[in-house]
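Here's a quick briefing to read with the model open in your viewer. Grab a coffee and follow along, topic by topic.

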Amino acid sequence: MTASVATAEQTCCPPTTAPATKRWSVAEVEALFALPFNDLLFRAQQVHRENFDPNAIQRSTLLSIKTGGCSEDCGYCSQSSRYDTGLNKEKLLPLTEVLENARAAKAKGSSRFCMGAAWRGPKEKDLEPVLEMVREVKKLGLETCVTLGMLRDGQAEKLKDAGLDYYNHNIDTSPEFYGQIITTHTLQDRMDTLAKVRDAGINVCCGGIVGLGETKKSRAALLAELANMDPQPDSVPINNLVQIEGTPLGQNEAIDPFDFVRMIAAARITMPKSYVRLSAGRQELGEGIQALCFMAGANSIFYGERLLTTENPDADADDKLFARLGLKAV
Ligand code: SAM
Ligand code: DTB
Ligand code: SF4
């Protein structure tokens, strides 16, 4: 995986090895956003149908295994200790509780169980119980995913040995805007962890957030950064900011929902073989916009009434929506 951050629009190609896929400039992604909505969706549908069953949606269930008290200052996050969001810092959940949730997710039909911890990164003593969780969840016949923050050398290999299938680590926004949202770590730090994950043979889940106050160019730069990873991420969560009271971004205005659909469509076109996940903020988008997102190439969701600390549509409502749209689970 390429582990560097682009600081300017990319126009040229690496000199020696051919990239696995086309390199995308920021201007090219902006040009996708500028297409008439119907033309953009048509193109996205074509790419989607060339690469996936257009009516099959992968479902992952989230569980916060360690909530609150995070040292980092990510301006959108309910779990940062720097903001008063009314969230209590909790200890790591016991294995029994994690397995109860994983069994329920499996019974509901989720194919992947994703465990999130509000850490800058796991200390060595933190990792051991998480490895046990991965081993036990895997035994239930679920795909496993964790999101634990930045990894130290050797930790990715331990996770792989425990049977981890996916590691979620988002780059969140464009290189240019990153420092206005997060100051306690850099985008390069995130890239370094992504390289460790990929090198250990774990599938990469990496995406970002819209609604942070970014420009359309910044949204395009986020997608270009993701699309130019080599290889491209296996799974790309596109989150719509959930406004959290008490955070610096808690009063942000929601973005135009059609621009959210454009973001999904451009992700599909630029990352044809990746699962594009319609992620946080789905509740707020409503069913009509969600249907447009599926049409634009989203083929994965978080399933179950809770994300990490905020609400998600309940599973029964999603089942009904799937039935109305003729969608099936992967
Ligand atoms: N601490 C770990 C990390 O930062 O990677 C794992 C948990 S963190 C909550 C995972 C991701 O959730 C963030 O990178 C961000 O993309 C997303 N996220 C967090 N809060 C959000 C919010 N309020 N709205 C939308 N997405 C959010
Ligand atoms: C991702 O991209 N979105 C998920 C997951 N990966 C870990 C998290 C969304 C969090 C939304 C706000 C919350 O519930 O705290
Ligand atoms: Fe901590 Fe992750 Fe929230 Fe940032 S996004 S404050 S690293 S839990």
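In which loop is His185 found? His185 turns up in the loop between helix 6 and helix 7 (187-199). Keep in mind that this is a predicted model. With that said, here's the tour, starting at a ligand site and moving on to rings, charges, backbone quirks and a few long-range distances.

**Around ligand 3**
- The residues surrounding ligand 3 are Cys70, Glu72, Cys74, Tyr76, Cys77, Ser80, Ala118 and Trp119.
- Sorted by class, that shell comes out as 6 nonpolar, 1 polar and 1 charged residues.
- As for the space ligand 3 takes up, that is the largest cavity.

**Aromatic pairs**
- Searching the whole structure turns up 3 aromatic pairs, and two of them are described below.
- Phe37 and Phe258 are an edge-to-face pair, because their planes sit at 70°, over the 60 degrees needed for that label; the ring centres are 5.5 Å apart.
- Phe37 belongs to helix 2 (residues 37-51) and Phe258 to helix 9 (residues 257-270), so this contact ties together parts 221 residues apart in sequence.
- Phe37 has a relative accessibility of 17%, so it counts as buried, while Phe258 has a relative accessible area of 41% and is partly exposed.
- Phe294 and Phe322 also make an edge-to-face pair, at 6.1 Å centre to centre with 85° between the planes.
- That pair ties together parts 28 residues apart in sequence, because Phe294 lies in helix 10 (residues 282-295) and Phe322 in helix 11 (residues 315-325).
- Both Phe294 and Phe322 are buried.

**Charges over rings**
- If you're looking for charge-over-ring contacts, try Lys22: its charged end sits over the ring of Trp24, 4.7 Å from the ring's centre.
- Another one to pull up is Arg277, which lies over the face of Phe302 at 4.8 Å from the ring centre.

**Backbone quirks**
- Asp230 and Pro231 are joined by a cis peptide bond, with omega at about 0°.
- Pro231 is in the loop between helix 8 (216-227) and strand 7 (235-240).
- Asp172 has a phi near 65°, which is a positive value in a residue other than glycine.
- You'll find Asp172 in the loop between strand 4 (166-168) and helix 6 (175-181).
- Is Asp172 buried or exposed? Its relative accessibility is 4%, so Asp172 counts as buried.

**Far along the chain, then through space**
- Leu41 is part of helix 2, and at 4% relative accessibility this leucine counts as buried.
- Leu41 and Ala296 are 255 residues apart in sequence, yet their C-alpha atoms are 5.4 Å apart in space.
- Back to His185: with a relative accessible area of 5%, this histidine is buried.
- His185 and Arg120 are 65 residues apart in sequence, and the distance from C-alpha to C-alpha is 8.7 Å.
- Glu214 sits in the loop between strand 6 (208-210) and helix 8.
- Glu214 is a buried residue, with a relative accessible area of 9%.
- Pair Glu214 with Leu63, 151 residues away along the chain, and the C-alpha atoms turn out to be separated by 28 Å.

**A loop residue out in the open**
- Asn88 is located in the loop between strand 1 (56-66) and helix 3 (95-108).
- With 59% relative accessibility, Asn88 counts as exposed, because the cut-off for that is over 50%.
- Asn88 and Gly69 are 19 residues apart in sequence and 7.5 Å apart in space, going by their C-alpha atoms.

Key
Residues are numbered from 1 along each chain as its sequence is written. Chains are lettered from A and ligands numbered from 1 in the order in which they are written. This is a predicted model: local features need pLDDT of at least 70, side-chain atom pairs count only at pLDDT 80 or more; totals for chains, interfaces and linings use all residues. Side-chain values use heavy atoms; hydrogens and water are left out. A residue is near a molecule or strand if one of its heavy atoms lies within 4 Å of it. On a 1 Å grid over the protein atoms alone, a cavity is a set of points where a 1.4 Å probe fits but cannot get out, and a pocket is an open set with protein on both sides within 12 Å along at least five of seven lines; lining residues have an atom within 4 Å of a point. A molecule sits in a cavity or pocket if more than half of its atoms lie within 2 Å of its grid points. Ala, Val, Leu, Ile, Met, Phe, Trp, Tyr, Cys and Pro count as nonpolar, Asp, Glu, Lys and Arg as charged, and the others, Gly among them, as polar. Rings of Phe, Tyr and Trp (its six-membered ring) pair if their centres lie within 6.5 Å; planes under 30 degrees apart count as stacked, over 60 as edge-to-face and the rest as tilted. Helices (H or I, at least four residues) and strands (E, at least two) are DSSP runs, numbered from the N terminus. Buried means under 20% relative accessible area, exposed over 50%, partly exposed in between (1.4 Å probe, protein chains only). A charge sits over a ring if NZ of Lys or CZ of Arg is within 6 Å of the ring centre and within 35 degrees of the ring normal.
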